[in-house]
Amino acid sequence: MMNRTFHVKISGTTHLFLILFTLIMLVAFWYKGAALIGMFFAMIVIINIERIIHSTYTLTADGNLVIYNGRFQKEKNIPLSRITDVELKRLFGLKHLRFTRYVLVHYDNDKVIDLLPEKPEEFMNALVRRLEHKEEDEDTLKKICSRKPVILVSFGHTTFKIGKHGTSI
């Protein structure tokens, strides 16, 4: 399987946050005595814009969910084998507002993380497919490991197979 990358959806509160902090920054630069406050708010706006642009969720080929929130935060790496449940949720139960959907991922039996991909249904379907594929691989591995081992012993030109059905030549 290939890596599959999903971009993070920008919520309405994030837009309001950026607008408010940009206005505070402009007002602070307008007045001469508040230039340092303007610089502080400019840094906050720049860091958040960078985070918005570069945030992604990646389902890797080696079976991990990588949550990347830009250059200023450490990426989070969750192996798919540790994920116990995935749910598609809506904020406040509002059915008709599409921007309120998010994916809730349960992992390590007691940890939860909420993800806000641009296409939540598509992300959830891809994640569930990867989880099902992992379960099939684990079942196959269990079947292989549960078989009795076969040992090949050779003496010169004669090979003996010692295993599940006894000894044969």
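Which residue meets Glu 122 in a salt bridge? The first close-up below gives the partner, Arg 4. All views show a predicted model.

**View 1. Arg 4 and Glu 122 form a salt bridge.** The N to O distance in this pair is 2.3 Å. The bridge links distant parts of the chain, 118 residues apart. Arg 4 belongs to strand E1, residues 4-7. Glu 122 belongs to helix H3, residues 120-146. Arg 4 has a relative accessible area of 30%, so this residue is partly exposed. Glu 122 is also partly exposed, because its relative accessible area is 31%.

**View 2. Arg 82 and Asp 108 join two loops by a salt bridge.** The closest N and O atoms of the pair lie 2.7 Å apart. Arg 82 sits in the loop between strand E4 (76-79) and strand E5 (83-90). Asp 108 sits in the loop between strand E6 (101-107) and strand E7 (111-115). The pair therefore ties together parts that are 26 residues apart in sequence. Arg 82 is partly exposed, with 32% relative accessible area. For Asp 108 the value is 26%, so Asp 108 is partly exposed too.

**View 3. Glu 87 and Lys 89 pair through their side chains.** They meet in a salt bridge, at 3.2 Å from N to O. Glu 87 has a relative accessible area of 23% and counts as partly exposed. Lys 89 is partly exposed as well, at 31% relative accessibility. Salt bridges with shared partners also build a network, made of Arg 82, Asp 108 and Lys 111. The count of salt bridges comes to five.

**View 4. Helix H1 has a buried side and an exposed side.** H1 covers residues 12-30. Its 19 residues should span 27 Å at 1.5 Å a residue, and the end C-alpha atoms are 27 Å apart, so the two values agree. Which residues of H1 are buried? They are Leu 18, Phe 21, Met 25 and Ala 28. These four cover an arc of only 95° around the axis, so they lie on the same side of H1. An α-helix has 3.6 residues a turn, so residues three or four places apart point the same way. Leu 16, Ile 19, Leu 23 and Trp 30 are exposed on the other side of H1. The buried residues of H1 pack against H2.

**View 5. Helix H2 packs its buried residues against H1.** H2 runs over residues 35-54. For its 20 residues, 1.5 Å a residue gives an expected span of 28 Å; the end C-alpha atoms are 28 Å apart, which agrees. Gly 38, Phe 41, Ala 42, Ile 44 and Val 45 are among the buried residues of H2. Asn 48 and Glu 50 are buried as well.

**View 6. Ala 35 of helix H2 touches Ala 28 and Phe 29.** These contacts leave out residues up to four places away in sequence. Ala 28 is one of the buried residues of H1. Is Ala 35 buried or partly exposed? Ala 35 is partly exposed, because its relative accessibility is 34%. Met 25 is ten residues from Ala 35 in sequence. In space the two are 8.7 Å apart, C-alpha to C-alpha.

**View 7. Four residues make a nonpolar surface patch.** They are Met 43, Ile 46, Ile 47 and Phe 72. The patch covers about 400 Å². Ile 47 is found in helix H2. At 34% relative accessibility, Ile 47 counts as partly exposed.

**View 8. The whole protein has three helices and ten strands.** From the N terminus on, the order of elements is β-α-α-β-β-β-β-β-β-α-β-β-β. The protein has 169 residues, and 28% of them count as buried. Its exposed area is about 12300 Å², and carbon and sulfur atoms supply 61% of that area. Among contacts with a separation of 6 or more, 42% join residues 24 or more positions apart.

Technical notes: Residues numbered from 1 in each chain as written. Predicted model: local features only at pLDDT ≥ 70, side-chain atom pairs only at ≥ 80, totals over all residues. Heavy atoms only, no water. Patch = residues over 30% accessible without salt bridge, like charges linked within 9 Å, V, L, I, M, F, W, Y side chains within 5 Å. Areas by Shrake-Rupley, 256 points an atom, 1.4 Å probe, with all protein chains shown as cover. Buried < 20%, exposed > 50% of the residue type's maximum accessible area, 1.4 Å probe, protein only. Expected span 1.5 Å × (residues − 1). Arc of directions from axis to C-beta. Contact = heavy atoms within 4.5 Å.
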